[in-house]
Amino acid sequence: MRLPLLRQKITSNIAWLLKMLPVHNSCRFIFNTNFKSPNLHPQNYKEKMKVCIAEKPSVAREIASVLGANTKRDGYYEGNGYAVTYTFGHLCTLKEPNDYKAYWKSWDLNNLPMLPDKFETKVVENSGIQKQFKIIKGLFDQATLVINCGDAGQEGELIQRWVMNEANYKGEVQRLWISSLTTEAIREGFDNLKPSANYDNLYYAGFSRAIGDWLLGMNATRLYTVKHGGYKQVLSIGRVQTPTLAMVVDRFTAIENFKPQPYWELQTLYRETLFSYEEGRFLKKEDGELLANKVQESDFEIISIERKNGNEFAPKLFDLTGLQVYCNTKFGFSADETLKIVQTLYEQKVVTYPRVDTTFLPNDIYPKVAGILQNLTNYATLTEPLLGKKIKKSTKVFNDKKVTDHHAIIPTGIQSNLQYNQQQVYDIITKRFIAVFYDDCLVANTTVIGKAADVAFKTTGKEILKKGWRIVFEDPNTKEKEADILPSFVKGEKGPHQPSFLEKETKPPNQFTEATLLRAMETAGKQVDDEDLRELMKENGIGRPSTRANIIETLFKRQYIVRNKKQVLPTPTGIQLIDTIQNEMVKSAELTGSWEKQLKDIEKGTFTAAAFINNMKRMVDALVYEVRSEAKRANISHEGSFQKQVPTVVKKKATGITAETCPKCKKATLIKGKSAYGCADYKIGCNFVLPFTFAEKKISENQYLRLLQKGSTVNLKDFKTDAGTVEGLLRFDENFKLKLEAKKTAAPTPSAEKKATSNPLACPKCQKGTVIKGNTAYGCSAYKYGCDFKVTFDVVRAKLKDQKPTKELVHSILKEGI
């Protein structure tokens, strides 16, 4: 009997002891008198807890770490009074048509339009998602407070609200609203949690957007598929995707129908600077030819130089679209690739929230700037000049009126080892941030007028007087100079020049690239180059910064558009679909932009979700009636379209040197870089290049084309070699490197002048340059450096008299010229 009594006494004492010990609020031990391990389960909690719900497991992990919820459970973290759980993006979605009415499952014109009275959601039918939802619901059932930690934007708000609604959670909700995932930002966010009601309008806007997309997408896709689809062909129509496709098709059609008009340009090259005839181009060849012949007889003289000093501001900070445009142009990344990279950088805490549409910062960020710059130790050479003085504050950077939920993308100050592509994106975000705190660049915008035989020529450009922010972007490894930087000219200077009179033709607009298509979406198809004007037009852009990349990718997946190098071209199916859609509302970027404006107004509380949804319903109802009444049937299908039309769309070849195949690897085509043409496969090892300048002579694209197609250029003048200035042609050596082949002189020439220069003659005056032939006289190749040696053709002819011209005789006459 003693043993049971002893056990009972021990049990009683331990129970008393446990009551006396501090027990964590997030859990209670269930004591087992058989002395087994304590059990811990959500269903056994005797006290309620705070439940945080994030959008991704990785974000939940960061938040849990800051909160001290360090115990990993199935589908959540717990500890310190918190349970931190997560979704996998959208756990819930709008119901399908057949969820409302069984007969709506059938794709039948008689079932259209489908206009539910009330829109409802459901949990996505996926076993993993269903399991996670049950875990979340179990936590909500025991929560005293739910903290919405979704991404701080419209989509993040919608995702979490749908989960709360579907779980039937009725308790208190607060909102974590942060712009970065640094420990400091998370702590600051939890210290300043907001009432969920503050973001009701954001949710209404997101819900309205989803309903608008459902109404048009579900109805119009079925409508056009049944009416105009060919064999098993689904014709997908979307509120944003169809206007985007229409822009691509319209641009392609405009280029296909473009009829070039000829014109002529009179230009001249003086001191490696191109001057153009001041009065512009000629529409009649004969008008320009008279002047072209006239200017060849005279030297070129600088007659006026006008300089106006001005400031150049640093490039704006990045919004998401600007970053995608830059990365597509500079690195060749697709919009979707850039979004994924910058999202990863955000989750690695090195940049702020990326899905933003502003290039400005709020004023409350300014006090943090010095700390961020101080922490960017990898950029110390650039930040050091800023940290020794007061940080510049400009309204071009800081403007509370231009910032709503989030500010421009900037570095957080945390540094990390990044993959190559990630480092490229991070580097430009960081340099843009550093550059806006540098002084403006001071430039002299310069207009130079010159003349030859009283014919005026003009060139414009700039001289950099003070680099300012340009220092941040300087690359010591690049030797090329900016295209519009002019040398220093002096009024009254003169010298030989190289005039040209060329026939050209007007050019069509360029095909879209992903970069230019993103910009067109941002401005609803309007061509806008001015940064400030573009900022004003963002409210009427189509799509959101976070969804534009996905829209473009969707068009690729549905085979409505294709990539042709950097170009974005419509497929025959895409063209046929846009041609078939007669209703302008469905494909109008401008109208879709006005819808986007209404959605933004719902966010602001100045427009109602009910009005937006009713407008969409009326539009869909009218569209169904209109298309059902159409007499013709288009019968669109990928198979038929591609068999018949792909050659005219996809096989539209590039012209010029970029259409040529690399002669070295014989695989990729050639591309144009900043200082040379090269092989498109340079990233995987092909080092073939054709520099724009060889032996100090600029080589034209046409000359390189001749080299590629016929094995050599024609004979060209003015190559600078150790032996002086020579004439010759270019060929490839056995390694496809350029080699200069001097002009052969075996065959006699009738011209004494040509004989005189077949072998270079050292300048009799300075002994440094060589004698070269101008338009009216012989001179020194070192004329740029001050040698004024000159013997006119008339003097040579006069001294020859009736003598037979020989090289030796002409050379002796030239030597006497000093």
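# Strands, helices and one buried loop residue

Cys52 stands opposite Ile147 in β7. The model is predicted: local features need pLDDT of at least 70, side-chain atom pairs count only at pLDDT 80 or more, and totals for chains, interfaces and linings use all residues. Residues are numbered from 1 along each chain as its sequence is written, and side-chain values use heavy atoms, without hydrogens or water.

**Exercise 1.** Place strand β7 among its partners.

Solution.
- Start with the terms. Helices (H or I, at least four residues) and strands (E, at least two) are DSSP runs, numbered from the N terminus. Strands pair if DSSP finds at least two bridges between them.
- Take β1 (residues 49–54). It runs parallel to β7, joined by 6 bridges.
- Now take β8 (residues 172–175). It also runs parallel to β7, through 4 bridges. Here Asn148 stands opposite Arg175.
- Add helix α5 (residues 154–166). With β7 and β8 it makes a right-handed β-α-β unit. Right-handed means a clockwise path from the first strand over the helix to the second, with the strands pointing away from the viewer.
- Check burial. In β7 (residues 143–149), 6 of the 7 residues are buried (under 20% relative accessible area; exposed is over 50%, partly exposed in between; 1.4 Å probe, protein chains only).

**Exercise 2.** Decide whether Asn111 is buried or exposed.

Solution.
- Find Asn111 in the loop between α3 (97–100) and β6 (121–123).
- Read its relative accessibility: 14%, so Asn111 counts as buried.
- List its contacts (heavy atoms within 4.5 Å). Leaving out residues up to four places away in sequence, Asn111 touches Tyr103, Trp104 and Ser106.

**Exercise 3.** Describe how α10 packs against α16.

Solution.
- Two packed helices are described by the angle between their axes and the distance between the axes.
- Axes are lines fitted to C-alpha atoms, for helices over the stretch in contact; angles run from 0 to 180 degrees between N-to-C directions.
- The axes of α10 (residues 320–331) and α16 (residues 514–522) come within 8 Å and cross at roughly 160 degrees.
- That makes α10 roughly antiparallel to α16 (over 145 degrees; under 35 is roughly parallel, 65 to 115 roughly perpendicular, the rest oblique).
- The contact residues include Thr321, Gln324 and Val325 of α10, and Ala515, Leu518 and Arg519 of α16.

**Exercise 4.** State the strand order of the open sheet that holds β25.

Solution.
- The order is β24-β25-β26, with antiparallel pairing.
- β24 (716–721) and β26 (738–742) are the edges: each has a single partner strand, so one side of each lacks a neighbour in the sheet.
- Between β24 and β25 (residues 724–732) there are 4 bridges. Lys720 stands opposite Thr725.
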